[in-house]
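Me: I have a model open and would like to go through how a few of its labels are earned. Could you take them with me one by one?

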Amino acid sequence: MKLAIAALLIGMQTTAFSSNNYKDLVVEGYRWVNVDGPYASKFEDDGQRLSKKPTRDGELQILRAGGAYYLIEGRIVKVLRTDKSTGMAEIQTARLVPTLWTSTKYLSKQPIRDAYSRIETPDTIGWTDFGSYRSVAKDILQKQGPWGKHEITSK
């Protein structure tokens, strides 16, 4: 019983430590998504069209072409760069290899609770390395069945 309580207290301290550094996360480029819907794309111009309240036909065209990605409120993303002239941001999300473009109006510097009433941080979702796309792809492949045993080579 005492061991269980000690483990619980240590876990609470770790969570409190990681969740109190929101300002530091913002300085590092992290943001929280403040909208649900197909508002991101691999291409900046499609991302712009999605952020300008497209017509239903325009939205369906982008969705059918496989160019739209759903943003989920409360998810944490990292802003890689912004285009101030268009108001667009290139972002990366955990375990998703391509970078995406979305409007900066869909990203918040204030933490937003997810569907489970938690505030995501890179630590809470196991997202610790933004160093390269290969590291993200390697992580995904290692978690997928027998293919995870093969090594990814980089040039």
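**Labels and their reasons**

Reply: Gladly! This is a predicted model. A good place to begin is strand β1, which pairs with β7 in the antiparallel sense over 2 bridges.

Me: What makes β1 and β7 count as a pair?

Reply: Pairing needs at least two bridges, and β1 and β7 have 2 bridges, so they pair. In this pairing W32 stands opposite S108 in β7. On β4, the bridge partner of R31 is V77; β1 and β4 pair in the antiparallel sense over 3 bridges.

Me: Why is S108 called buried?

Reply: Buried means under 20% relative accessible area. S108 has 14% relative accessibility, so it counts as buried. Setting aside neighbours within four places in sequence, S108 is in contact with R31, W32 and N34.

Me: How do you know that the side chain of S108 makes a polar contact with Q110?

Reply: The cut-off for such a pair of N or O atoms is within 3.5 Å. A polar atom of the S108 side chain lies 2.9 Å from the backbone oxygen of Q110, so the distance meets that cut-off.

Me: And P122, in the loop between β7 and α5: why is P122 called buried?

Reply: The reasoning is alike: P122 has 6% relative accessibility, and the limit is under 20%, so P122 counts as buried. Beyond neighbours within four places in sequence, P122 is in contact with L25, Y30, I76 and W127.

Me: Which way do the β1 residues point?

Reply: Y30 and W32 point one way, R31 and V33 the other way, and all are buried. In a regular strand, side chains alternate between the two faces of the sheet.

How values were computed. Residues are numbered from 1 along each chain as its sequence is written. This is a predicted model: local features need pLDDT of at least 70, side-chain atom pairs count only at pLDDT 80 or more; totals for chains, interfaces and linings use all residues. Side-chain values use heavy atoms; hydrogens and water are left out. Buried means under 20% relative accessible area, exposed over 50%, partly exposed in between (1.4 Å probe, protein chains only). A polar contact is a pair of N or O atoms within 3.5 Å; within protein, one must be able to donate a hydrogen and the other to accept it, and residues adjacent in sequence count only if both atoms are side-chain atoms. Contact means heavy atoms within 4.5 Å. Helices (H or I, at least four residues) and strands (E, at least two) are DSSP runs, numbered from the N terminus.
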